[in-house]
Amino acid sequence: MLAKSLDVVGSEFRVGYRMQKSWGMSMATAFFFGEAGAGLYFVSQFYDLAAGMLLGLLMVIFGKGGGHLLHLGKPSRGWRAFTRVGSSWISRGLWAITLFAAFGALHLLDLQTGLLPRPLSALAAGVAVAGCLVIMVYQGFAMSHSSSITLWSSGLMPLASLTYALLNGVMLTLVIGHDALATSHPEALPMLRMAAVGLVLYGFVMVLSLVHSAKYGSGGGRKSVELLLRGAFSGYFLPVVLVLGFVVSGTMLAFAAKDLATMILVAGCELTGYYAFRVLMFKAGTYDPVLSFAPKFKP
């Protein structure tokens, strides 16, 4: 009961909750571009949609890579992050980004020029997709390993990453490939729209489940949920993440016109909600108090 009454105390020397400060906007931006770009490449490669694959690749290389570079305090020591593959999801993710960048670019070059013999072409495409899949989930695994932050420490976090990555990929493919797919794969557009509606519903339940598990976890988890639903971040979490990102985009997908302008608007709503989700997961991450009173002294 006492934990509920404690405040966020920042760096003050008193009992209370402290917010995590290690990951901020630059990391949220890197996560955003990583999952959206990998998802776009993953969906586009099913239709050999070169424009989607190229944009997805560039989003991962420059958007995600740039975000990580901004986060590095001492870039000259960044290579050390590659050396802990056996124990760190960050290290595994960096290797996945490197392999995806190299083999994704090679696969795209091969699609345009027919450079590689068939076995090597299949190998390049397979390694690129494998790297892409790791990028889609490793960020969630890295966050779920943070046992001191209840909001993050959930087995649902990797599933949320995968769900958002697939949803972003489908949405962006519907926009970028709207005209090309209507000609080359006319059956793909209604199928992708149906997949997007399903992923919107699944993602909505996934985010609510994350909040639910944090609320019934430790005091730090309850404080995070309080900040998201009734506190400093409620003005963004409820209207942007839930309403704009899921309710508005899902409703428009199901009932609005299916033209390109509508798809751009729908994708804009969904991606705005997703970016807000990434930022708020970092801003609302709360540590439990280091000190607490013995149970017999609690009111």
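This is a short dialogue on reading helix packing, burial and aromatic pairs in a predicted model.

Biologist: At what angle do helix H2 and helix H6 pack, and how far apart are their axes?

Modeller: Angles from 35 up to 65 degrees fall between roughly parallel and roughly perpendicular, and so count as oblique. Here helix H2 (residues 25–44) and helix H6 (residues 156–176) pack at about 60 degrees, with their axes 7 Å apart, and that makes H2 oblique to H6. The crossing in which H2 passes H6 is right-handed.

Biologist: Which residues of H2 meet which residues of H6?

Modeller: A contact is read as heavy atoms within 4.5 Å. On the H2 side the residues are Glu35, Ala36, Gly39, Leu40, Phe42, Val43 and Ser44, and on the H6 side they meet Ser161, Ala165, Leu166, Asn168, Gly169, Val170, Leu172, Thr173 and Ile176. Sorted by class, this contact of H2 with H6 has nine nonpolar, six polar and one charged residues.

Biologist: Turning to a single residue, is Gly245 buried or exposed?

Modeller: Buried means under 20% relative accessible area, and Gly245, at 3% relative accessibility, therefore counts as buried. Gly245 has its place in helix H10 (residues 234–255).

Biologist: With which residues is Gly245 in contact, leaving aside its neighbours within four places in sequence?

Modeller: With those neighbours set aside, Gly245 is in contact with Val240, Cys269, Glu270 and Gly273. As a further example of sequence set against space, Gly245 and Gly268 are 23 residues apart in sequence, while their C-alpha atoms are 8.7 Å apart.

Biologist: How many aromatic pairs does the structure hold, and what arrangement do Phe32 and Phe33 form?

Modeller: Planes over 60 degrees apart count as edge-to-face. The structure holds 16 aromatic pairs; in one of them Phe32 and Phe33 are edge-to-face, at 5.3 Å centre to centre and with 85 degrees between the planes. Phe32 is buried, with a relative accessible area of 12%, whereas Phe33, at 28% relative accessibility, counts as partly exposed. Trp152 and Phe282 also form an edge-to-face pair, with 5.6 Å centre to centre and 65 degrees between the planes. Because Trp152 lies in the loop between helix H5 (118–144) and H6, and Phe282 in helix H11 (residues 260–283), this pair ties together parts that are 130 residues apart in sequence. Both Trp152 and Phe282 are buried.

Biologist: Which residues do ring pairs link into a cluster?

Modeller: Ring pairs can be followed from one residue to another, and here they link Phe32, Phe33, Tyr164, Phe204, Phe246, Tyr274, Tyr275 and Phe277 into a cluster.

Terms used
Residues are numbered from 1 along each chain as its sequence is written. This is a predicted model: local features need pLDDT of at least 70, side-chain atom pairs count only at pLDDT 80 or more; totals for chains, interfaces and linings use all residues. Side-chain values use heavy atoms; hydrogens and water are left out. Axes are lines fitted to C-alpha atoms, for helices over the stretch in contact, and angles run from 0 to 180 degrees between N-to-C directions. Helices (H or I, at least four residues) and strands (E, at least two) are DSSP runs, numbered from the N terminus. Angles under 35 degrees count as roughly parallel, over 145 as roughly antiparallel, 65 to 115 as roughly perpendicular and the rest as oblique. A crossing is left-handed if the near helix is turned anticlockwise from the far one by less than a right angle, and right-handed if clockwise. Ala, Val, Leu, Ile, Met, Phe, Trp, Tyr, Cys and Pro count as nonpolar, Asp, Glu, Lys and Arg as charged, and the others, Gly among them, as polar. Buried means under 20% relative accessible area, exposed over 50%, partly exposed in between (1.4 Å probe, protein chains only). Rings of Phe, Tyr and Trp (its six-membered ring) pair if their centres lie within 6.5 Å; planes under 30 degrees apart count as stacked, over 60 as edge-to-face and the rest as tilted.
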